[in-house]
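Q: I'd like to learn how to read the features of a protein model. Could you walk me through one?

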Amino acid sequence: MKTTALTVALGLLGLISSHSLAQAQAAYPEKPLQLIVPFPPGGASDVVARIIGGELETRLGKPVIIMNRPGGGTTIAAKEVARAAPDGYTLFFSSNSSFTLPAAVKESVPYDAAKDFEPLGQVGKITLALVTYKDNPIKDVAALVTEAKANPDKLSLASFGVATVSHFAGELFKSGAGIKMVHLPYKGSAPAMNDLIGKHIQYHVDTVIAVKPQIEAGTVKVLAVFSAKRTPFLPDVPTLAELGYGNIDFASWGAVVAPKGLPPAVRDKLTAALEETINNPSVAERFAAVGFEPGFKRYSDWPSAIGKETAEMKEIAQKAGIKEE
């Protein structure tokens with residue numbers, strides 16, 4: 001009799017617990033959310049994150065607080081999110097800089113991007129461009145390749161940091177063109193662009209976001225973009241593939257994720273709100289102002305997608321000798 005009573009009591013507790021959990025998920029969100037960004041305030045990723053956060057706030061009915069956590073090549077913030085409670089109140093906006101590149105160049109990463117995150121969706125990308133200073137006499141890709149083949153390691157190609165998307169894109173270009181150029185890594189886009197404008201370096205790979213204001217100011221010339229199709233922000237600039245230098249389609253893509261283990265009802269609510277945000281025409285106009293190309297995509301198999309790209313990045317890193325700083 002005691003065993004039966006205990007079984008009934010435990011069953012009731014289970015029902016109550018399940019009911020309480022269902023109520024909590026139905027009422028979600030009940031408090032402010034935080035959207036963690038692994039970059040400093042003011043940059044392109046921060047601007048995009050704030051647009052997304054503001055729209056999610058409207059749709060979810062609770063504040064979405066942007067928390068900037070730069071450092072460690074984005075791994076500090078990613079680790080924080082990976083270890084956070086999977087309750088839907090901690091979100092993470094980042095790119096391949098967090099999800100695939102670290103594991104391609106580091107001996108150890110303090111999280112497993114394929115296993116530790118619950119993807120809500122990819123939200124878009126930032127196109128990369130190959131640029132030079134305005135009056136460089138070697139001013140198109142064909143002439144650049146000809147010169148580099150005739151004089152290996154004479155020309156310089158800068159990036160905004162070791163093992164960044166800028167660095168990887170540059171190595172893809174050199175490999176596709178069959179040339180050797182000296183890699184000059186900078187600590188950020190601004191100092192690299194300043195040295196390019198000052199003619200201290202010859203060529204540089206940067207985002208369309210960073211390049212476009214310089215084009216308008218008449219200080220740089222864009223030779224090509226690293227995308228399968230021309231970017232709407234620079235419609236007159238050809239792709240490297242168009243010019244015959246490999247089927248290169250490499251960009252800084254962004255995604256919003258949560259810690260692994262998110263309750264399905266919470267995940268579905270967040271994903272729906274995010275998809276509505278990215279597909280909103282007024283949001284697209286705001287993204288366009290900073291050179292971000294929106295495009296929502298759900299991940300049917302996040303681990304496979306991350307594993308595939310990480311393996312591709314490892315191959316590039318090994319061939320080019322890209323290592324963590």
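A: Happy to, and let's begin with rings. Rings of Phe, Tyr and Trp count as a pair if their centres lie within 6.5 Å; planes under 30 degrees apart are called stacked, and over 60 edge-to-face. Keep in mind that this is a predicted model.

Q: How many aromatic pairs does that rule give here?
A: The count comes to 10 aromatic pairs. Take Phe92 and Phe117: their ring centres are 6.1 Å apart with 25° between the planes, and that pair is stacked.

Q: Where do Phe92 and Phe117 sit along the chain?
A: Phe92 belongs to strand S3 (residues 90-95) and Phe117 to strand S4 (residues 117-133), so their pairing ties together parts that are 25 residues apart in sequence. Both Phe92 and Phe117 are buried.

Q: What about the pair Phe287 and Phe292, stacked or edge-to-face?
A: Phe287 and Phe292 meet edge-to-face, at 4.9 Å centre to centre and 65° between the planes. To call a residue buried, we want its relative accessible area under 20%. Phe287 has 0%, so it is buried. Phe292 comes in at 2% and therefore counts as buried too.

Q: Which residues form an aromatic cluster?
A: One cluster is made up of Phe92, Phe99, Tyr111, Phe117, Trp253, Tyr299 and Trp302. You've already met two of its members, Phe92 and Phe117.

Q: What lies over the face of Tyr89?
A: That's Lys31, at 4.7 Å from the ring centre.

Q: Let's try single residues. Is Thr310 buried or exposed?
A: Thr310 has 9% relative accessibility, so it counts as buried. You'll find Thr310 in helix H12 (residues 302-320). Setting aside residues up to four places away in sequence, Thr310 touches Phe99, Thr100, Ala103 and Ala104. Phe99 also belongs to the aromatic cluster.

Q: And Lys323, buried or exposed?
A: For exposed, the relative accessible area has to be over 50%. Lys323 has 62%, so it is exposed. Lys323 sits in the segment after H12. Leaving out neighbours within four places in sequence, Lys323 is in contact with Val105 and Val162. As for Pro294, it is 29 residues from Lys323 along the chain, and their C-alpha atoms are separated by 31 Å.

Q: Now for empty space. How many cavities of 30 Å³ or more are there in the whole structure?
A: The idea is that a probe fits inside a cavity but cannot get out, whereas a pocket is open. The search finds 1 cavity of that size, and the largest cavity holds about 40 Å³ of space. Its lining includes Leu157, Ser166, His167 and Glu171. Strand S5 (156-159) and helix H7 (165-177) are the elements that each give two or more residues to this lining. The largest share, 5 residues, comes from H7. By class, the lining of the largest cavity has 3 nonpolar, 5 polar and 2 charged residues.

Q: What does the largest pocket look like in terms of space and lining?
A: The largest pocket has about 1,100 Å³ of space. It is lined by 43 residues, and Phe39, Thr74, Ser97, Phe160 and Thr164 lie nearest its centre. Among the elements giving two or more residues to the lining are helix H2 (44-60), S3 and helix H5 (101-105). H2 gives the largest share, 4 residues. The lining of the largest pocket divides into 21 nonpolar, 16 polar and 6 charged residues.

Technical notes
Residues are numbered from 1 along each chain as its sequence is written. This is a predicted model: local features need pLDDT of at least 70, side-chain atom pairs count only at pLDDT 80 or more; totals for chains, interfaces and linings use all residues. Side-chain values use heavy atoms; hydrogens and water are left out. Buried means under 20% relative accessible area, exposed over 50%, partly exposed in between (1.4 Å probe, protein chains only). Contact means heavy atoms within 4.5 Å. Rings of Phe, Tyr and Trp (its six-membered ring) pair if their centres lie within 6.5 Å; planes under 30 degrees apart count as stacked, over 60 as edge-to-face and the rest as tilted. A charge sits over a ring if NZ of Lys or CZ of Arg is within 6 Å of the ring centre and within 35 degrees of the ring normal. On a 1 Å grid over the protein atoms alone, a cavity is a set of points where a 1.4 Å probe fits but cannot get out, and a pocket is an open set with protein on both sides within 12 Å along at least five of seven lines; lining residues have an atom within 4 Å of a point. Grid points are joined across faces, edges and corners, and a volume is the space filled by probe spheres set on the points. Ala, Val, Leu, Ile, Met, Phe, Trp, Tyr, Cys and Pro count as nonpolar, Asp, Glu, Lys and Arg as charged, and the others, Gly among them, as polar.
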